[in-house]
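Hi,

Here is the structure I said I would pass on. Have a look at it first, and my notes follow underneath.

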Amino acid sequence: MRTEREVELSDEFFRLLETKGTSMAAKPRTQVTSVYTDPGYLADERRTLFRGRPLLFCLSGELAEPGAYVTAELDGLPVVVLRGEDEHLRAMVNMCSHRGARIYTEERGTVQGRGVSCPFHAWTYDIYGRLMGQPLAREGFKDCDRDALSMRHLDVFERHGAVFVTPADAGSDAGEGFDPTKIFGAADDDLRDLNLKDCRLVESHTRTIGLNWKLVIDTFLESYHVFSLHRDTLATRQLSAPGITEDLGPVGLVVGIRNSIFEEQDKPSNERRFSPHATLQYILYPNVIVSHQIDHIETWQVCPGAGPDEALVRTSIYSYGSDIDERTERYLRRSIEVLMAVTDEEDFPQVVQTQRALMAGGIGQFTFGRNEPGLIAYHEWLDDAMTT
Ligand code: FES
Ligand SMILES: [Fe+2]
C-alpha cells in the first residue's frame, strides 16, 4: 500500500478513536427481507447481476503459462479460461458444440499437444476452441459448417492481476465493449497496490451453504458484530470499533482492524503504518470479496445455488510469489483453516438460522444502522443495478 494511503487510513482510525466514532452512513436503511427469499426476485437477479456483467473468475497467476487453463461455473454456466501462446486469455463456455458435454473435465491444468478431446464422442478442439477432429464421424458431419462448431467464446479481460469473465446466454452479446479500466471504480489504485499479479493459489474450497447468496456477502460488510459473535476467537485480536468503511463506486472497502494498531499511536502521523494491522476487504459488487491480510490474499466468490436459500461459495487463499517454502505453505493452509472455522462455525450457522426463519415468513424487514455503512452502500448499489 502506498504511503499516502497508509497515512490516510491510520489518520482516519485515530481520528475516529479520539471521537469514539466509527464510519457512518448518512442515514439508517430499512431492508425488505423478500430480497433474500423470493424465487422471482432471484430469477431477476440472475438475469441482471449474473449475466452480461464482468465477474471475477480467478487471479492471473492461476493462468501464468501459455496453455494453462482454469474451469469454474459462473452462476451455473460452465466456463473455461485459457492462456494462449500469444499470452492473451480466451474464455469459452465449457460445452461441446456436438451435444453439450463438458470438454475440460479437470478444475485446472495445461493443454498438451494437439488440444483436448470431449469425453462423449471424442471430438477434439485446439486451445482456441476450434474444432480439429471428429474421430469415426467425418462423413456424418460432412455437410456441417465447421467454423460454426467451434466452442462459444465469452468476453474476458485482466486488470491488475485479476481475471474477469462476462457470462452471457447463447445468442446474446451482453457485456461486449466493457471498459476494463472501469472495473474497480474508485478502488482502482488500491487494487493495483495489492499486486494480485504476483499471487499464486495455495488452496481453494467450494461448498454449498444454506443461505441466500447476498447473506454470505453481508457477513463481511460490518465488523460491528465481532465483539459479540466472535467473542472468543476474532475479538481477541480484532476491534469491533472504530471500523473504517469506504464506498468506492462499484467496490466497497470494509476494514477489520487489529489491536496491534495501537503500536502506531505514538508515532508521528506520516510515519504510521496501517496495512500490517488491518484486514482490507474489498467487496467487488455484486458477488466477490478480495481480502488482503498482511502477507496473503483470500477471495470469496459467491453465486446463487438452486434457490433463494442456497449459495455456492468458493474460498481461495493465495501466497505472494510462487517459490514459498514449506513453512510458509503450512502457515497459509493453517490460516485458511482458521478463517473457515470462524465463518463456518460462527458466522454462517447464525445466519442460516435467520435464513430459515425468513423462509418461514419470520420478519419483513431488517434495519441497517448508520454504523453499518458497508451494508447500506452494498444494498443501495444492488437496488440501483436491479432497477436500471
Ligand atoms: S458431445 Fe462432445 S463429442 Fe459428442
Ligand atoms: Fe463474522
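**Salt bridges, a small sheet and a pocket**

With a relative accessibility of 25%, E12 falls in the partly exposed class, since that class runs from 20% to 50%. Before I go further, bear in mind that this is a predicted model.

E12 makes a salt bridge to R15, and the closest N and O atoms of the two are 3.2 Å apart. Both residues sit in helix α1 (residues 3–18), three residues apart, which is about one turn of the helix. R15 is partly exposed too, at 45% relative accessible area.

The next pair is R83 and E158, a salt bridge whose closest N and O atoms are 3.0 Å apart. This one links distant parts of the chain: R83 belongs to strand β4 (residues 77–83) and E158 to strand β10 (residues 153–159), with their positions 75 residues apart. Are the two ends buried or exposed, or something in between? R83 is buried, its relative accessible area being 7%, whereas E158 counts as partly exposed at 34%.

E107 and R108 form another salt bridge, with 3.9 Å between the closest N and O atoms. E107 has a relative accessible area of 45%, so it is partly exposed, and R108 is partly exposed as well at 29%. Elsewhere, salt bridges that share partners tie R2, E4, R5, E8, D189, D190, R192, D193 and E246 into one network. Over the whole structure, the search turns up 33 salt bridges.

On to the strands. There is an open sheet of three strands, in the order β7-β8-β9, and the pairing is antiparallel. Its edge strands, each pairing on one side only, are β7 (116–117) and β9 (131–133). Strand β8 (residues 124–125) runs antiparallel to β9 and is joined to that strand by two bridges. If you want a spot to click on, T124 stands opposite G133 in β9.

Then there is D347, which is placed in helix α6 (residues 326–359). D347 is buried because its relative accessibility is 6%, and the cut-off for buried is under 20%. What does D347 touch, once residues up to four places away in sequence are set aside? The contacts are T219, H225, L229, H230 and V342. With H225 there is also a polar contact between the side chains, at 3.2 Å. As for D232, 115 residues from D347 along the chain, the C-alpha atoms of the two are separated by 13 Å.

Helix α6 comes up again in the largest pocket, where it gives the largest share of the lining, seven residues. That pocket holds about 570 Å³ of space. Its lining is made up of 30 residues, and those nearest the centre are L234, Q238, T279, Q293 and L339. Which elements supply at least two residues of the lining each? They are β14 (251–257), β15 (278–284), β16 (288–293), β17 (296–304) and α6.

That is what I have for now.

Cheers

Note on methods
Residues numbered from 1 in each chain as written. Chains lettered and ligands numbered in written order. Predicted model: local features only at pLDDT ≥ 70, side-chain atom pairs only at ≥ 80, totals over all residues. Heavy atoms only, no water. Helix = DSSP H or I, 4+ residues; strand = E, 2+ residues; numbered from the N terminus. Buried < 20%, exposed > 50% of the residue type's maximum accessible area, 1.4 Å probe, protein only. Contact = heavy atoms within 4.5 Å. Polar contact = N/O pair within 3.5 Å; in protein donor to acceptor, adjacent residues only side chain to side chain. Salt bridge = Lys/Arg side-chain N within 4 Å of Asp/Glu carboxyl O. Pairing = 2+ DSSP bridges. 1 Å grid on protein atoms, 1.4 Å probe; cavity = no way out; pocket = protein on both sides within 12 Å on 5 of 7 lines; lining within 4 Å. Points joined across faces, edges and corners; volume = space filled by probe spheres on them.
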